[in-house]
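The report below considers how one protein chain is folded, moving from single residues to helix packing and then to the chain as a whole. Please keep the sequence and the coordinates at hand while reading.

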Amino acid sequence: MKAVWQLWLQLWKRMPVLVVLAILMWLGGLVIIAMNFREEERPVYLGAGLCAFASWFWHIGQGQVLRSLCRPESFLLPDFRRWLAWTAAIDVLQWVILPSLLAALFVPSHVCLIAAALLLVAALGLATGCGRRVGLLIWVVFIAAGWMPQVVAQVVEVALNSPWTAPLLVLAATLLLRVTLLPLLRIDDLEVEPSPLESTSLGRTNTTNIDGTPQPRGALGKRVAGLFDYFAQRAMELALQRYRRHPTAAQKLTLVRRLLLPHDNPQAIALRLLLVAGMVAIYFFAVMHRQHFNAAVVGAYAILLTMTRFPQLGRGMLRMRPNLADLYLTLAPDTRAQYQKVMVDALLILVPVSVLTALAYTLLGSVLAHAAEPGRMLLTAAIVATSASLVALAVHLIGPQGSFGRAAVNLVLTFGSMAVYWGGYWLIGAIGYAAGGMTLAVVTISFGGGVWYAAQREYQRRAPCFDAPLA
């Protein structure tokens, strides 16, 4: 059983904080059930709910661990599947059977329902941790609860009293586990690792295992990713053709941009905006059909989404260091500063792309939310997105390389941009579009331009680094 013990310890080694919190909540739920001296039903349901909440987080972590363990070479280990099954049995005993048996002492009539619900919660957490989109079905319940709370309450009341609820929950959990585990237990070739600087805004660059290997994608995800890759390949071929006809410095810079930023060509940007617009529209019609918020928050959220691209730039540039040596030899610059300047000029395209993205998101949100002053939102978003993008690009270009430092810088940039947006929105509303917009632009863009000017000079002064980043 040493192999089972090592498998069970994997989550403790990789996510100790999550494990401690989940175990404490699980023990708290068991204590609440066990100390029900009056033998009432409410403490039992409260304790079972706390156990389910802990099980949700625990199995999200277990899904991430399982995703990294189930690799083709792992199945070469002796009895790997059998020891994995024993680990799963212990997991079910801990998170489903034990709380259910304890609850059976006080509410024997509903013990089957509690056990089935705990099993379904564990399956949902495991599916979410494994990256399966079906694990997000739980959000459908939350959306429905916020949309039609009275209907949901009636359905829950009927389900609690129906004898078919427990079997249906077990069936749903079984199907969910089948959909989640079958791809993991199937031996396939790994997906091709994506470019660190690609951007689909669909989470593609985040679908990696704990050990950094890319996670297999579903059929829909592969089709969408294939469409993005087709546009990237087409843009690269066109850039090559134009460079061969006219080998100018501008065409060389376009080639470098197509290489470093494969999904920042016009076709990919349009597809990305279209997909995000579709998801946002569905969200608004499903959840926000009754406007109960200030429409100006849409612009702030657009700035937030725009700023998420730049932390990816910092991480991606570190991961691409060894590959950039080939680019250096291909460009054959006369000086190191010349190569650094090519990199700076190529990455500067992210600023207008970010401004365009922020304006598109703000315009879409203002239409869906029926904003009273869409022009004020668009003007503020354009100015703030320009200055914030310049600062973010500068900071992530020469800023800290450690994960903690990058996270701290990202937090400061994000909250600072949001604060500037709200301040600029108020300023334009207080003194008018012309005066307010001019004042905001002079202050913010001059600051962003100054930061960018200093950062790109510092970047050109530094020597290129092609060493792989430390783990």
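In this predicted model, Ser-417 is a residue of helix 18, which covers residues 403–431. With a relative accessibility of 7%, Ser-417 counts as buried, since buried means under 20% relative accessible area. When neighbours within four places in sequence are left aside, the contacts of Ser-417 are with Ile-303, Met-307, Val-384 and Ala-388.

Leu-238, by comparison, belongs to helix 9, residues 219–245, and is partly exposed, its relative accessible area being 26%. Between the C-alpha atom of Leu-238 and that of Arg-258, which is 20 residues away along the chain, the separation is 9.9 Å.

The two residues are set side by side here.

| Residue | Helix | Relative accessibility |
|---|---|---|
| Ser-417 | helix 18 (residues 403–431) | 7%, buried |
| Leu-238 | helix 9 (residues 219–245) | 26%, partly exposed |

Helix packing comes next. Two packed helices are described by the angle between their axes and the distance between the axes. For helix 13 (residues 309–319) and helix 17 (residues 374–398), the angle is about 20° and the axes lie 9 Å apart. Because angles under 35 degrees count as roughly parallel, helix 13 and helix 17 are roughly parallel to each other, and their crossing is right-handed. On the side of helix 13 the contact is formed by Phe-310, Pro-311, Leu-313 and Gly-314, and on the side of helix 17 by Ser-389, Ala-392, Leu-393 and His-396. Sorted by character, the residues of this contact comprise five nonpolar and three polar ones, with no charged residue.

Helix 16, residues 350–368, consists of 19 residues and spans 27 Å from its first C-alpha to its last, which is close to the 27 Å expected at 1.5 Å a residue. The buried residues of helix 16 include Leu-350, Val-351, Val-353, Val-355, Ala-358 and Leu-368, and among them are also Ser-354, Thr-357, Tyr-361, Thr-362, Gly-365 and Ser-366. After helix 16 comes His-370, which has a positive phi, near 55°.

What does the protein contain in helices and strands? There are 19 helices and zero strands. The protein has 471 residues, of which 42% count as buried, and of its contacts with a separation of 6 or more, 78% are between residues 24 or more positions apart.

Definitions and conventions
Residues numbered from 1 in each chain as written. Predicted model: local features only at pLDDT ≥ 70, side-chain atom pairs only at ≥ 80, totals over all residues. Heavy atoms only, no water. Axes fitted to C-alpha atoms, helices over the stretch in contact; angles between N-to-C directions. Helix = DSSP H or I, 4+ residues; strand = E, 2+ residues; numbered from the N terminus. Parallel < 35°, antiparallel > 145°, perpendicular 65-115°, else oblique. Left-handed = near helix turned anticlockwise from the far one by under 90°. Contact = heavy atoms within 4.5 Å. Nonpolar A, V, L, I, M, F, W, Y, C, P; charged D, E, K, R; others polar. Expected span 1.5 Å × (residues − 1). Buried < 20%, exposed > 50% of the residue type's maximum accessible area, 1.4 Å probe, protein only.
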